[in-house]
Amino acid sequence: MYITPTTPAAALVASWLTMFLVGTELFVLSPLLPMLAADYGVSPSLAGWCVTAFSLTYMATAPLLGYLADQVGRRRVLICSLLVFGAANLLTATAPNLLWLIGARTFAGAAAAGISPSVYALVAAAAPPDRRAAWLAFSVSGLLVSLAIGGAVGAEVGAALGWAWVFVALAVVSLIFAQLNRRIWPSEPRRSNSLTASSNLLPRVVLLRRLMPTVMWSTSLYGVYTYLGAGLTSFTFSPGQVARAILCYGCGAIIGALIGGRLADRVGTKFMAGASCVALCGGLLLLRFALSCGAFIELALGLSSALAQLFFPAQQAGLARDFSERSGTALAWNNSALFLGIALGSLIGGKAAAIGGFEATLAISAVIALAGCIINGIVVPVASEPELQQRNVSLSSHSPSARRSLEGRSDDASLTGF
């Protein structure tokens with residue numbers, strides 16, 4: 001089903017900005033935690049519960065809101081979630097105590113869980129079949145850019161004006177983006193009763209099997225990233241060197257996601273996801289070797305990050321294709337699988353580091369990535385041809401007039417370069 005936005009370029013810009021907002025909200029809390037802890041008179045570890053509350057609520061509510069989006073409309077859920085997101089940030093800015101703050105962050109996590117899957121589902125539905133992964137990759141890049149820019153800008157604003165003003169700004173931007181998305185995305189037609197009934201029959205076992213590669217990939221990636229700063233410090237990196245290394249990591253992630261989307265559209269989503277897991281395994285082992293040699297560490301870090309991010313756009317595009325009528329639900333579950341992997345990676349990476357140091361974390365994460373490739377080969381159905389060829393076959397089966405109509409949609413999309 002196509003959802004035709006005002007213009008393809010406007011749709012991509014709106015999706016990128018919206019994901020940048022969500023990413024900034026997620027990543028800005030880390031540099032602000034010391035300020036929060038000082039203001040509330042608690043330890044940083046106790047203040048960190050506001051981050052945990054956000055993540056756990058996101059993971060738990062994303063599938064429910066994804067299902068709701070498929071039933072009542074992804075645009076409607078996106079706009080409502082952005083409005084709630086703004087309200088949650090205002091509550092965060094005015095929180096009088098830590099308990100209130102944790103409650104506000106729980107509220108924000110639930111709202112964010114309605115934003116990201118709805119954006120991904122709208123983009124996947126609007127994209128031409130041969131560019132779906134590239135469009136999704138562009139949207140995901142907004143989240144990745146926020147890791148390098150959004151958090152840093154938020155930290156500077158918090159240091160200059162106070163942390164509360166960061167969340168006031170996020171609230172105002174949320175309201176602006178709600179209006180922006182309302183104008184960009186057209187109203188979706190209501191589903192007939194028969195279509196809604198069939199959509200309720202989501203093959204949960206099939207979907208859960210398809211999410212296993214996401215869990216393995218996320219566990220491997222975030223098992224390393226969670227302890228990256230501490231690991232580099234154990235190799236005598238100064239704070240400035242750690243900051244530069246993380247910047248290299250973020251730049252590699254952005255490049256990998258954008259390239260991965262284009263490659264997935266050409267070689268197929270299953271092949272790209274599996275190849276990324278193998279490449280992540282190799283990249284982590286290369287990083288381990290670079291650390292032991294004390295040379296080319298930033299290069300190895302950026303390369304491993306780029307190779308890792310080839311996976312996510314391919315996995316999203318494959319899910320959006322195979323669960324097209326319920327893509328909101330499928331992509332929401334995929335986001336929950338991502339957060340589950342983050343939690344598992346934090347646990348496993350920490351245990352490995354306690355036993356054998358950061359080098360052990362890299363080795364264990366490399367093995368998990370390789371296992372993810374094997375699981376991807378087992379659970380993801382085999383496509384006989386890349387999606388581009390499938391689209392050409394589909395076009396050839398239509399009448400000349402219908403084929404011109406479908407090609408026109410794709411031509412419009414070429415204005416964006418994706």
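F296 lies in the loop between α14 and α15. In this predicted model, the phi of F296 is near 55 degrees, a positive value in a residue other than glycine. Most residues other than glycine have a negative phi. F296 is also exposed, because its relative accessible area of 65% is over the 50% required for that term.

The helix that comes before this loop, α14, covers residues 269-293. At 1.5 Å a residue, its 25 residues should span 36 Å, and the C-alpha atoms at its two ends are 35 Å apart, so the expected and computed values agree. G294 follows α14 and has a positive phi, near 75 degrees. On the other side of the loop, α15 covers residues 297-308.

A positive phi in a residue that is not a glycine is also found at T236, where the angle is about 65 degrees. T236 belongs to the loop between α12, residues 228-234, and α13, residues 239-267. The relative accessibility of T236 is 70%, and T236 therefore counts as exposed, the limit for this term being 50%.

Turning to the protein as a whole, the model contains 19 helices and zero strands. There are 418 residues, and 52% of them are buried. Among contacts with a separation of 6 or more, 84% join residues that are 24 or more positions apart. The accessible surface comes to about 17200 Å², and carbon and sulfur atoms account for 70% of that area.

S336 provides an example of a buried position. This serine is part of helix α17, which covers residues 327-379. S336 counts as buried because its relative accessibility is 6%, under the limit of 20%. When neighbours within four places in sequence are left aside, S336 is in contact with Y58, M59, A62 and P63.

Empty space inside the protein was examined next. Rolling a probe the size of a water molecule over the atoms shows where such space is left. A search of the whole structure finds two cavities of 30 Å³ or more.

The largest cavity has a volume of about 50 Å³. Its lining consists of L221, V224, Y225, Y249, L280, L284, L287, L301, S304 and S305. Three helices, α11 (204-225), α14 and α15, each supply at least two residues of this lining. By class, eight of the lining residues are nonpolar and two are polar, while none is charged. Both α14 and α15, the helices on either side of the loop that holds F296, thus contribute to the lining of the largest cavity.

The second largest cavity has a volume of about 30 Å³. R210, T269, K270, A273, A314, Q315, G318, N376 and V380 line this cavity. At least two of the lining residues come from α14, and at least two come from α16, which covers residues 311-322. The lining divides into three nonpolar, four polar and two charged residues. Charged residues are thus present in the lining of the second largest cavity, whereas the lining of the largest cavity has none. Helix α14 supplies at least two residues to the lining of the largest cavity and at least two to that of the second largest.

Terms used: Residues are numbered from 1 along each chain as its sequence is written. This is a predicted model: local features need pLDDT of at least 70, side-chain atom pairs count only at pLDDT 80 or more; totals for chains, interfaces and linings use all residues. Side-chain values use heavy atoms; hydrogens and water are left out. Helices (H or I, at least four residues) and strands (E, at least two) are DSSP runs, numbered from the N terminus. Buried means under 20% relative accessible area, exposed over 50%, partly exposed in between (1.4 Å probe, protein chains only). Contact means heavy atoms within 4.5 Å. Accessible areas come from the Shrake-Rupley method with a 1.4 Å probe; for residues, only the protein chains shown count as cover. On a 1 Å grid over the protein atoms alone, a cavity is a set of points where a 1.4 Å probe fits but cannot get out, and a pocket is an open set with protein on both sides within 12 Å along at least five of seven lines; lining residues have an atom within 4 Å of a point. Grid points are joined across faces, edges and corners, and a volume is the space filled by probe spheres set on the points. Ala, Val, Leu, Ile, Met, Phe, Trp, Tyr, Cys and Pro count as nonpolar, Asp, Glu, Lys and Arg as charged, and the others, Gly among them, as polar. The expected span of a helix is 1.5 Å times one less than its number of residues.
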